[in-house]
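Colleague: Could you take me through one spot in this model in close detail, then work outward from there? I'd like the cut-offs spelled out along the way.

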Amino acid sequence: MPTLRSSSSRPQSSSSPSSESSPLQRAVGPGPRGLSASSSSSVSVPCDDWDSNQASKGDSESLSSGEDSDFEDSLRRNAKKRAAKRPLKTTPVAKHPKKGSRMVHARGQKESEPPTSNLFDAVKAAKSDMQSLVDEWLDSYKQDQDAGFLELINFFIRSCGCKGTVTHEMFKKMSNSEIIRHLTEQFNEDSGDYPLTAPSPSWKKFQGSFCEFIRTLVYQCQYSLLYDGFPMDNLISLLTGLSDSQVRAFRHTSTLAAMKLMTSLVRVALQLSLHKDNNQRQYEAERNKGPGLRAPERLESLLEKRKELQEHQEEIEGMMNALFRGVFVHRYRDVLPEIRAICIEEIGSWMQSYSTSFLTDSYLKYIGWTLHDKHREVRLKCLKALKGLYSNRDLTARLELFTSRFKERMVSMVMDREYDVAVEAVSLLTVILKNMEGVLTDADCESIYPVVYASNRALASAAGEFLYWKLFYPECETRMMGGRERRRSPRAQRTFFHLLLSFFVESELHDHAAYLVDSLWDCAGPQLKDWESLTSLLLEKDQNLDDVQESTLIEILVSSVRQASEGHPPVGRVTGRKGLTLKERKIQADDKVKLTEHLIPLLPQLLAKFSADAEKVAPLLQLLNYFDLNIYCTRRLEKHLELLLQQLQEVVVKHAEPAVLEAGAHALYLLCNPEFTFFSRVDFARSQLVDLLTDRFQQELEELLQSSFLDEDEVYSLAATLKRLSAFYNAHDLTRWELYEPCYQLLRKAVDTGEVPHQVTLPALTLVYFSILWMLTHISGSGASQKQLLSLKGRMVAFCELCQSCLSDVDPEIQEQAFVLLSDLLLIFSPQMIVGGRDFLRPLVFFPEATLQSELASFLMDHVFIQPGELGSGEPGHSQEDHLQIEQLHQRRRLLAGFCKLLLYGVLEMDAASDVFKHYNKFYNDYGDIIKETLTRARQIDRSHCSRILLLSLKQLYTELLQEQGPQGLNELPAFIEMRDLARRFALSFGPQQLQNRDLVVTLHKEGIKFSLSELPPAGSTSQPPNLAFLELLSEFSPRLFHQDKQLLLSYLEKCLRRVSQAPGHPWGPVTTYCHSLSPVENTAEASPQGYPRSKKRRIEDPSRQHREDISASQEESIQLISIPPTPTLTSTAVKSRQPLVGLEEREEEGNSELAFTQSQPPLGTQRSRSSSPQHFETPLNPSGPGLGNRLTRLSLMEDDEEVEIQNESSEEWQDSGKQSSSSEHRLDLLDSTELNIEDF
């Protein structure tokens, strides 16, 4: 297959001043002088300077492997050769044009009249067949070549979103650079959108229709017009010039068109190559015939055909050369990521379809370089292109050098921050693993293995497929016999599970096998659903599995059963799917039936074998959650149900671990469904089990109440019995066994005497709690009598008193359990229980007394807000100790959440929230999210009360510090600095709604001033008041004030200070700090009255706005918010330009700002550096030229590659009311730097 060679892509370059050519046959010059701007260190090569730039350009090497001639020379030679074959452009118009044609142009049109745009409208509508549309245009073109080609040009111009058109006069007299300049001046759209990016539904299908039109056009011309007269050189020249424009719409659309045109030409070149091969074979076959059988005419025709094909191929390769060098080489590193993605996607398709010419290192390097692109879409296109190449085994041998050069980058992309890119990277490495043996080393694979535990399911599944093909498939490969897949042998399945166990246990990457099972589910689902092999491994006597492997295998069994039954990933793994398809639901239902039928007979055997091990029996009991329990009835498997109930009873009696008891109680709950026909059997078994436990509890309780001493075995037995009853009381209604009274007596003795061990007290508390809840359930479900309500109320109050007494117990576990149960009960029996038409429960509403509220708050201070050194944990760094600390932190968070719920539901006084809020900053890492949510909800309930609570929190902290340290040097202590940070965080919590919070912030300041001067020094003393340093905390709230309110507060502070004697000339530091925070110069970045952040740009206000009226004494005293904030200065957004900061204020004060902006521009041809400040956007404009208004309007389309970050100070602390939309959207710029450096990737 011949390689691509430089051929005629464009006619003679305009670098020769004496050359005569059609305007659109010349390459695009550097563009309009008014728009020329050097974009970056690597500039797009204009066609006028093609020779000099190509000589110095390293990336634009020739497409030909063995030809070093200058591209422009070959272009001129081919242009002359092709020009002789074409008819002149003055082809007469057909006398009878096709009736109903969409594109008929009369010669009698005025030369300035633009052609119609029916072609663009037809492609946009996409209602007719594209082939018929192209055929109609071809008929029109054959009738009048100039008019037809002009309409094709205007089609591309309209597709860019430009309303300008190329007229006959422009086509004859203007050069390409002048035409593009003229079109750029007419590009005066108000929006930055153009057809390829417009969000309107009518434009969504335009790109597809646009590409289909180009493909169909080349396909219809490939046998005739493409070589006989069609001005493809002119079209390529136009697209090349547009792709080098600084107008984003021109560059984006023309690049897409050029790349799709190139793709179509590649298909044509491939067909020509096949025809040449067939011709060569026919020629060889004819020539090898004997002298008598050989036909000379046939040989001659084949030679002529070969020559014709060779000429056609040279012309196509010349066109491809022009497109590749003129467009791709510059646009693959365009500043716009969409353009870069188009180039990479298309070059990938060229390599796959025409690998003989394009699959070389000189082309592969472009994809390799772009793997480092900083935009997700471009990296994704690179990986997809490479995946298509590596998927073909015939092409892998030609990718060895590329693989060795860029393998490290491909492996590192597994950890890409974009999940879809990482997924594609893992898929690419999986293809490389399959098709290129030995390329990926063990170190490369080990960097991919941990990804199977990723939180994103798509990424984890891709890594699971890689793991399967690397570790499992070579050992468990399925042999094919007779074209059909034979059933996997039991030996192969056992090998699979042994390998799975080894990987999970030895890698030590994770503690839960459920995530590994989920990762392998898509690729190894049939193996994981082989429950027969799994259970046989677990039940056989000589399986040679240690304890850890047995536990892991059981977890794998349970995980695979859960995955097959429920069909969703484990907790914490994110998946983008909303639901299962109909086919997947059918497979899920079939799998559920299969696993139930297989495991029902084997579950009693598994429980019997592992009944002594709590870690193994608890997950086995969970298998019932995923069974289709109706199969017990429909398949007559009641005998296995009886065995299961026996094993379940043995497990419950044998174990006292919470996990086992909870799993057993829940399993029995699933079986105790009255709809099942076997309900009576299960209910009888449950009654037997509860009777057994209740009798044992009664006997052991009597021994405890009568005896003054119990040994450890008796205590353990009683505690275990209570734990079993408590676990079953949680899932089953045990009210008829009347366990409340004996448990209450036990707890009363524990509170009165303290002789009951804490192992017994803890489950007894839980048992009484569940008893009260079940009684409430019965009463709520039916009309209850007054006697029943009062009885339940009495039991609840008595239990609350017991829990209140337990809060002062010596054992911390009892204290925490009593606090949790008490907070839950107070919340359940709060006023919210009568909501929803349940007024008959009003007698049950309970309000805690002040002493109980105080004890709850004290408990919170003693057990939640404690320093790390007070936890009593062991040395850090050990996994056991770390795990213990995490468990303790979760328990403390649970306690705090319970207390906060009591505050928000009105059970406790809201002022008690100050005990929580004052620790917001100090314990932000541990409880910041809980306190923040509580603060937000409290503000939603009552904004005014919430602000008073915030001030109360600061007062409490200040008073505590004052009592500990004294008033001297208070503001220099670290504790005081922490208080200032807390005050700053409280101020941020008010959010950007300054006008809404105006009265609240002023009231907060006023109360704070009163507190700071509440205690005065002795008469005649010049020392400052002890609370005066509190003013420094108030200064953190000053940025939330309006200027008018600051003046009012300054006057109010001055009036209050008159009552305090102060040494003249020695102002107090806190007063100075507070007054400075209220001065107009401070806090220049405060929010505007409407709640939006003030612009970063300085605003020159009218001097009259800075004048303030004097405030009367009555206003100073009352601080009434009667003044209205001034209307903000209106800022025009008509010209969305980025003006230089220098002299901006002076120009705003002048009348004609537009003229000043235009005259302040730098001279023509000035470069704009990438490292320059974003405000200094230099746009060369000619102030004396025509169309000044259009030029200024065009600035709304100008694009700058700098990004402006607007940081909102209060966004971190404000959730519901802090969310706001920007007042104006970012506008696209018309002019931009069009290329990126490789170093930018």
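Modeller: Let's start with Thr 255, which counts as buried because its relative accessibility is 0% (buried means under 20% relative accessible area, exposed over 50%, partly exposed in between, with a 1.4 Å probe and protein chains only). Before going further, the ground rules: this is a predicted model, where local features need pLDDT of at least 70 and side-chain atom pairs count only at pLDDT 80 or more, while totals for chains, interfaces and linings use all residues. Residues are numbered from 1 along each chain as its sequence is written, and side-chain values use heavy atoms, with hydrogens and water left out.

Thr 255 lies in helix α10, residues 248–287 (helices are DSSP runs of H or I with at least four residues, strands are runs of E with at least two, and both are numbered from the N terminus). A polar atom of the Thr 255 side chain sits 2.6 Å from the backbone oxygen of Arg 251. That pair is a polar contact, meaning N or O atoms within 3.5 Å; within protein, one must be able to donate a hydrogen and the other to accept it, and residues adjacent in sequence count only if both atoms are side-chain atoms. Leaving aside residues up to four places away in sequence, Thr 255 touches Ser 243, Val 327, Arg 331, Ile 339 and Cys 343 (contact here means heavy atoms within 4.5 Å).

One of those neighbours, Arg 331, is worth following. Its side chain meets that of Asp 334 in a salt bridge, 2.8 Å from N to O (a salt bridge being a side-chain nitrogen of Lys or Arg within 4 Å of a carboxyl oxygen of Asp or Glu). Side chains of opposite charge can pair when their charged atoms come close. Arg 331 counts as buried because its relative accessibility is 0%, and Asp 334 is likewise buried at 0%.

Now slide along α10 to Leu 270, which lies in that helix. Leu 270 counts as partly exposed because its relative accessibility is 24%. Not counting residues up to four places away in sequence, Leu 270 touches Ser 353 and Tyr 354. The C-alpha of Leu 270 is also 9.4 Å from that of Thr 356, 86 residues apart along the chain.

If you're after more charge pairs, the count of salt bridges comes to 41. Glu 377 forms one with Lys 381, the closest N and O atoms being 3.8 Å apart. These two residues are separated by about one helical turn because they are four residues apart in helix α15 (residues 376–390). Glu 377 is partly exposed at a relative accessible area of 31%, whereas Lys 381 is buried at 18%. The pair also belongs to a network of salt bridges that links Glu 345, Arg 376, Glu 377, Lys 381 and Asp 420.

Helix α38 (residues 924–941) holds another pair, Glu 933 and Arg 937, four residues apart or about one turn of the helix. Their salt bridge has its closest N and O atoms 2.9 Å apart. Glu 933 counts as partly exposed at 31% relative accessibility, and Arg 937 is partly exposed too, at 42%.

For a helix with its ends described, try α5, residues 145–159. Its 15 residues reach 21 Å from first C-alpha to last, close to the 21 Å expected at 1.5 Å a residue (the expected span is 1.5 Å times one less than the number of residues). Helix α5 is largely enclosed by the rest of the structure, because 14 of its 15 residues are buried. At the N-terminal end, Asp 144 caps α5, with a side-chain oxygen 3.4 Å from the backbone nitrogen of Asp 146. After α5 comes Gly 161, with a positive phi near 90°.

Two backbone angles deserve a glance as well. Glu 508 isn't a glycine, yet its phi is positive, about 55°; it lies in the loop between α20 (490–507) and α21 (513–528) and is exposed, with a relative accessible area of 69%. Arg 636 has a positive phi near 55°, lies in the loop between α26 (631–634) and α27 (638–654), and counts as exposed at 70% relative accessibility.

Zooming out, the protein has 48 helices and two strands. Of its 1241 residues, 50% count as buried.
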